Amino acid sequence: MVSSPHEAMHRIFQEHPGLFSGVSEVLGIGFPPLTSVTVLPNDLTETSPVERRVDTLLRLETENDEPLLLAVEAQGRKDPDKPASWAYYASYLLTKYRLQPMLLVVCQDRATAEWAAREVSFGPRQWPLLTLRPLVAGPHNMPVITDPAEVRKDLALATLAAITHVAHPDIGAILKSMTTVLRETPQDIANPIVELVAQGLGKLPAAHLWRKLVAVDLSFYTSPLSEELRAEGEARRAAEDVLAILEVRSIDIPEAVRERITTCGDPEILRHWLRRAVTAPTAEAIFTDQ
């Protein structure tokens, strides 16, 4: 499983293309209801050997207006070079598709979100040539959703909101509201959400909480994350069995041996060590024939 908040922040728009309707409403931007959304290739490379890729690119069809292009960028930190790249994306997309482009930047920390939301002008100050105005979704403006009833109203928006609030004091309640709703959600819809949230949390402390909630509340699912959690549980139990056999036999277990056993994630290796632990004269001897 890819563990990347960057991937989750934009890939959710590929999994749920209609999500922009909910996001634009949160941001206070009025658009007619979408009639269709098409995921487009994200490669903006020209014939020159400079590769440029927007994270996610969508074509939005609305009821009344002309179609739009929405470029979604996940931004993890301030980058002074990004505004120029974003301006290039907008110009290139307009030239290639002859449709008006928009840029949505998704962030997980307030400082980066506020930086990304600034208007940036290009050209001399006396006569700017163009002005970049991204839409920004982040912890400063995404809703904090802790009520399962609100999650049910728009599961995709609730997922994005959870990803943007990874460091919020109420992240436990936010994630619990998600698993409460996912328990009653069809598995083909719930599984991608489980993985997106896991990606979005990355290696932050909330990721451990999410894994525990998935293991307990969604134990009957067969998503990649739930399978990974089951394998971890099997390995943990096997390691405990190896240690228990050695302790019953009054075999001294050095700290280095204990750590090697408890950190092994391969159930097959642990089963082999378990068989060796029954007769091995020392704790170290369970490893000798590997």
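The exercises below, each with a worked solution, concern a predicted model of a protein.

Residues are numbered from 1 along each chain as its sequence is written. Local features need pLDDT of at least 70, side-chain atom pairs count only at pLDDT 80 or more, and totals for chains, interfaces and linings use all residues, while side-chain values use heavy atoms, with hydrogens and water left out.

**Exercise 1. Overall make-up**

State how many helices and strands the protein has, and what share of its residues is buried.

Solution. Step one: helices (H or I, at least four residues) and strands (E, at least two) are DSSP runs, numbered from the N terminus. On this basis the protein has twelve helices and seven strands. Step two: buried means under 20% relative accessible area, exposed over 50%, and partly exposed in between (1.4 Å probe, protein chains only). Of the 290 residues in the protein, 46% are buried. Step three: a contact means heavy atoms within 4.5 Å. Among contacts with a separation of 6 or more, 64% join residues 24 or more positions apart.

**Exercise 2. Helices α1 and α8**

Describe the span and burial of α8, then identify what covers the buried residues of α1.

Solution. Step one: α8 covers residues 187–201, 15 residues in total, and reaches 21 Å from its first C-alpha to its last. This is close to the 21 Å expected at 1.5 Å a residue, where the expected span is 1.5 Å times one less than the number of residues. Step two: eleven of the 15 residues of α8 are buried, including Ile-193, Val-194 and Leu-201. After the helix comes Gly-202, with a positive phi near 55°. Step three: in α1 (residues 5–15), the buried residues are Ala-8, Met-9, His-10, Arg-11, Ile-12 and Phe-13. Their cover includes α2 (19–26), β2 (56–62), β3 (68–74), β4, α6 (155–164) and α8.

**Exercise 3. Cavity and pocket**

Characterise the largest cavity and the largest pocket by volume and lining.

Solution. Step one: on a 1 Å grid over the protein atoms alone, a cavity is a set of points where a 1.4 Å probe fits but cannot get out, and a pocket is an open set with protein on both sides within 12 Å along at least five of seven lines; lining residues have an atom within 4 Å of a point. Grid points are joined across faces, edges and corners, and a volume is the space filled by probe spheres set on the points. Step two: the whole structure has one cavity of 30 Å³ or more, and the largest cavity has a volume of about 30 Å³. Among its lining residues are Trp-86, Trp-115 and Arg-118. Step three: the largest pocket holds about 480 Å³. Of its 22 lining residues, Leu-103, Leu-132, Arg-133, Pro-134 and Leu-135 lie nearest its centre. Helix α3 gives the largest share of this lining, six residues.

**Exercise 4. Cysteines and Gly-265**

Determine how many disulfides the structure holds, and whether Cys-107, Cys-264 and Gly-265 are buried or exposed.

Solution. Step one: with a disulfide taken as a pair of cysteine sulfur atoms within 2.5 Å, the structure holds zero disulfides. Step two: Cys-107 is buried because its relative accessible area is 0%, and Cys-264 is buried because its value is 13%. Step three: Gly-265 lies in the loop between α11 (255–262) and α12 (267–277), and it counts as exposed because its relative accessibility is 59%. The C-alpha atoms of Gly-265 and Arg-236, 29 residues apart along the chain, are separated by 7.7 Å.
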